Amino acid sequence: MSIYFDNAATSFPKPEEVCEAMLQYQRELGVSSGRGAYKKALEVDGMVFKTRSLLGRLFNIKDATRIIFTSNVTESLNLALKGLIESGDHVITTHMEHNAVWRPLKVLEEERGLKLTVLSCPEGEKFNPGDLEKAISPETRLVVVNHASNVTGTLMPKEAGGICREKGVPLLVDAAQTAGVYPIDVEELKVDLLAFTGHKGLLGPTGTGGLYIAPGIDLKPLKEGGTGGESILERQPDHLPDKYEAGTPNLVGLAGLGAAVRYILDRGLENIRRHERELTQRALETFPQVPALTLYGPSSAEERVAVLSFNLGGLPPEEVSYVLDEAYHIMVRAGLHCAPKAHRCLGTVDRGTVRIGLGIFNTEEELEYLTKALKEIAVQAKS
Ligand SMILES: Cc1ncc(COP(=O)(O)O)c(C=O)c1O
């Protein structure tokens, strides 16, 4: 028996329906979309349309053509940031961002003279909405923040969207850690750009993701190429989604993603959130019983998704992860988790943390077994 606690990296296992939909596409359909007029091609067009519509339902996006399919949230974030930021623009972000935000911002700093304000998140807590309000100036072109941190699970303050809307500044949200496991309503959150990945909480396959672009937001495309229709045009069509979707899509992936979103909608997002919140609450209660364990981030399960980072005394996180795998068959992640600035907030930049990412298929018993294993490792390290 092995236990998978690395759902923050990618979710596993996937629902059987997802695997079946991918096999079914590849075995029985297998043709391209947006390009042919024969029956099978139209069936595949229907599948792509359905996947987009289901995502629209999940995120309360009225016009699903405003959802652009990408290969992951990294591509979505690159499209949003590089498509929007112009020379000398001011952007606000936080220290808790993943390198998928941080690295494109650094390139834009060098290449387009972007001016950056970085909001602090002491000890991995959420940023202060008052700091955001103060940081916005007439030059601010964008605010980009994660919906939940991939290091501590800390959720973004709910006020962020309202503040940005009031000041007339677009808000780009990196929903890598919340899509599929935490309610997202683009209207309620007042999000102008929502970037998500298909393979984490959304339970779809790797190689899928998307970007929602609200009406009124115009981005420069990252790529140009064939869209199937309007081939006579020398330039990319101006309408969505074709403006941003050049090239043959990841159709086997979209078949799986559609089945995954249907699974989430059928199971009920609120039930998924409840299960993960309960597991998080349990971890918050039991982890402190492990000798010398330091847990990072908010103390309440309400303020986080099911991602927890910790250290065990002076043990290197890699060693803890290795022993958990070797001796207990428990899979966790160790290191900086692609978010080095977040570790400056936690004071763990020198060695990182051990991270567990809980998923819908994890159980309380598995968590108990992990706690027992950690206690044993802590005792052995002391002796
Ligand atoms: C907050 C956050 N942003 C971005 C990413 C990048 O995700 P992907 O590799 O699917 O593009 C991740 C996943 O590691 C993440 O947790």
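Visitor: In which sense do strand 6 and strand 7 pair, and over how many bridges?

Guide: This is a predicted model, and in it strand 6 (residues 171-174) pairs with strand 7 in the parallel sense, over 3 bridges. One contact to look at is aspartate 174, whose bridge partner in strand 7 is alanine 195.

Visitor: What about strand 8, parallel or antiparallel to strand 7?

Guide: Antiparallel, with 5 bridges joining strand 7 to strand 8 (residues 209-213). Leucine 194 stands opposite tyrosine 212 there.

Visitor: How many residues of strand 7 are buried?

Guide: 5 of its 5 residues, across 193-197.

Visitor: Which ones sit on which side?

Guide: Leu193, Ala195 and Thr197 are on one side, with Leu194 and Phe196 on the other. In a regular strand, side chains alternate between the two faces of the sheet. Here both faces are covered.

Visitor: Switching topic, which residues are around the ligand?

Guide: Among them are Asn72, Thr74, His98, Asn146, Asp174, Gln177, Thr197 and Cys338. The shell divides into 4 nonpolar, 7 polar and 1 charged.

Visitor: OK, helices now. Where does glutamate 111 lie?

Guide: In helix 4 (residues 99-112). Its C-alpha atom is 8.3 Å from that of serine 87, 24 residues apart along the chain.

Visitor: Is glutamate 111 buried or exposed, and why?

Guide: Exposed, because just 11 other C-beta atoms lie within 10 Å, and 12 or fewer counts as exposed.

Visitor: And glutamine 380, where is that found?

Guide: In helix 12 (residues 364-382). Glutamine 380 is exposed, with 11 other C-beta atoms within 10 Å. The C-alpha atoms of glutamine 380 and glutamate 285 are separated by 22 Å.

Technical notes
Residues numbered from 1 in each chain as written. Predicted model: local features only at pLDDT ≥ 70, side-chain atom pairs only at ≥ 80, totals over all residues. Helix = DSSP H or I, 4+ residues; strand = E, 2+ residues; numbered from the N terminus. Buried ≥ 20, exposed ≤ 12 C-beta atoms within 10 Å, placed from the backbone. Near = placed C-beta within 6 Å. Nonpolar A, V, L, I, M, F, W, Y, C, P; charged D, E, K, R; others polar. Pairing = 2+ DSSP bridges.
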